[in-house]
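Please open the model in your viewer and keep the selection tool at hand, since this tour moves from one selection to the next.

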Amino acid sequence: MPEFVLPEVIDDFLFTYQNLVYSLGIHGLLALSMYVVLAVGQLSLGQAAFMGLGAYASALLTLKLGWSLPAALAGAMLIPAAAALIIGSPTLRLSGVYLALATIGLGEVQRLAFVNSDFTGGALGLSGIPTKAGLVSIYGSLLVALVLLVLVARSKIGRAMEAMREDELAAGALGINLPAYKLGALVASAMLAGLAGGLNAHVSSFISPNDYGFDAAVTILSFALLGGLGSPFAPILGAVILTLLPEVLRSLANYRGLVSGSIIVIAVMFMPRGLLIWRMGRIGVSSRRPS
Amino acid sequence: MSAARLSLTHLTIRFGGLAAVDDVSLSVAPGTVHGLIGPNGAGKTTVFNLVSGLLAPSSGTIMLDGKEIEALPSWSRAGLGLARTFQNIRMFAQMTALETVMTGMHLRMKAGPVASILRMGRFRTEESAARDRAYEILDLVGLSQSAQLRSGDLPYGDQRRLEIARALALEPRLLLLDEPAAGMNPSETQQLEDLLGRLKQQGYTILLVEHDMHFVMRLCDEITVLNFGRKIAEGRPEAVRSNPQVIEAYLGTRVAKSLAGGS
Ligand SMILES: Nc1ncnc2c1ncn2[C@@H]1O[C@H](COP(=O)(O)OP(=O)(O)O)[C@@H](O)[C@H]1O
Ligand SMILES: [Mg+2]
């Protein structure tokens, strides 16, 4: 994917903070992927696993088959989508914690598979992935994902999703097909997380199985819980704060797990609607009574 | 014989050893208001949960307009025209009252996902028609002044009426109302009675669970009485009111309550 030539000031800034800038965009995508599942009232702890699937898929597609970045990123979305269909179809017919449990399982099975397979480079992972992704592909993806999710949230689909999240029984009794919506949301979220993984693989050139474990899943969850679910902007805010925080407070960098864990506890107990409680309108000003 | 809007035959559900609904048969004729009464714990809400698909019966059948529905999930039953309210109010607390009612039109809105997401002409037309209809329904239940308020912020009685409005948005063939007057003051109860009277006039078919006996006696064409999960009486209000078994069931609970130190 072609990169624009950037002015020198920005270029210098990027050189210093390149990884941080990339991380912000990728974490934004991950936060959106978490948002999509939580927005229908489900809990997935598989976002890191979907990300890992996307990272490995796109890395292998470029390394072994020489695919271009856009094609590899398409693979990074479709393979996690297939995994989401497989684990979502049986578990989403049931309500409650089944999805959360199944996705924890997915993460572990996948980590063990990557560690034990030579094809995926075993415990060392894959290196030498061409660094073809960059600002344009990352922030372009983030922008497209954000615009799409804003449009969905403002549509009748968004209304059905909000109804499910507020009261699943009442939503079902109004004719909202609960399993279909949940499965659709899980597949969309797997695609977003896979895309984030593909981009991540193609900016860092090196990936290993342990990058996508339970810790990462909890961190991704904390993005959305801190930000909130009132609009797709909220989880991105959460991701930005939690990505910048360890940079600003260097001493925190070693306690990432502790920080994201505490955020989850605090968010659940004291701010169940997150930091950005603004709820995006749906019918807007036109909802005034027609005279 | 199968002209009934709803018919239950030998409907039974057991929770462990307890038969919460025990061999209940009843049928609701189109255009009537049918009362389902009985002491607390008699199994009325459980009947509603069975009919609306939140619970699966241990045995027996449920027919809506002559079609067996007991194997269908709740959202498919809604598609066949079944709508309900809940004894313990279930609100979409963050939505405005207007949007809550529009949620009830989910199945009526036919614009596909692409059209809705991209806000194409068809979606916009449908959305604004739905909004106009939602205002009409809010008018009908007397809540149009509250259209732009958050559902969760409405007073209790208004939330009950909003649940009815949301159910009406489905254009139901059968409306199940679970204690719609619970927690309402006398003037709210009077308003509710007027509303249900209007719905009856408009030809709605209603299965009504309600504790306020005067309310039930005035509104209902037919009444079925449950006690401990079993049907103990049915018939026209006058007949049910003077049925000795019914009197005993109600008296029994009152005696039990006074023994337990209640009112
Ligand atoms: N999901 C359930 N699990 C176990 N017991 C239940 C369940 N639902 C209802 N019951 C029991 O069934 C009986 C009937 O309850 P319910 O239908 O709520 O009565 P009513 O609405 O007539 O007051 C009660 O004894 C109640 O405890
Ligand atoms: Mg009840």
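A residue is called buried when its relative accessible area is under 20%, exposed when that area is over 50%, and partly exposed in between. Keep in mind throughout that this is a predicted model.

Begin by selecting the magnesium ion (ligand 2), whose protein donors are Thr45(B), through OG1, and Gln87(B), through OE1, at 2.0 to 2.1 Å from the ion. These two residues are 42 residues apart and link distant parts of the chain, with Thr45(B) in helix 1 (residues 44-52) of chain B and Gln87(B) in the loop between strand 6 (82-84) and helix 3 (97-103) of chain B.

Now select Thr45(B): is this residue buried or exposed? Its relative accessible area is 25%, so Thr45(B) falls in between and counts as partly exposed. Select Gln87(B) next, and you will find that this residue is also partly exposed, with a relative accessibility of 27%.

Move on to chain A and colour it by secondary structure, which brings out eleven helices and two strands. Followed along the sequence, they come in the order α-α-α-α-β-α-α-α-α-β-α-α-α. The radius of gyration of chain A is 19 Å, close to the 19 Å that the globule rule gives for 291 residues, so chain A is as compact as a globular protein of that length. If you turn the C-alpha trace of chain A along its principal axes, it spans about 60 × 45 × 35 Å.

Finally, show the surface of chain A, which comes to about 12800 Å² of accessible area, with 69% belonging to carbon and sulfur atoms. Of the 291 residues in this chain, 52% are buried.

Technical notes:
Residues are numbered from 1 along each chain as its sequence is written. Chains are lettered from A and ligands numbered from 1 in the order in which they are written. This is a predicted model: local features need pLDDT of at least 70, side-chain atom pairs count only at pLDDT 80 or more; totals for chains, interfaces and linings use all residues. Side-chain values use heavy atoms; hydrogens and water are left out. Helices (H or I, at least four residues) and strands (E, at least two) are DSSP runs, numbered from the N terminus. The radius of gyration is taken over C-alpha atoms; the globule rule is 2.2 Å times the number of residues to the power 0.38. Buried means under 20% relative accessible area, exposed over 50%, partly exposed in between (1.4 Å probe, protein chains only). Accessible areas come from the Shrake-Rupley method with a 1.4 Å probe; for residues, only the protein chains shown count as cover. Donors are N, O and S atoms within 2.8 Å of the metal (3.2 Å for Na, K and Ca); water is not among the atoms, so sites may look incomplete.
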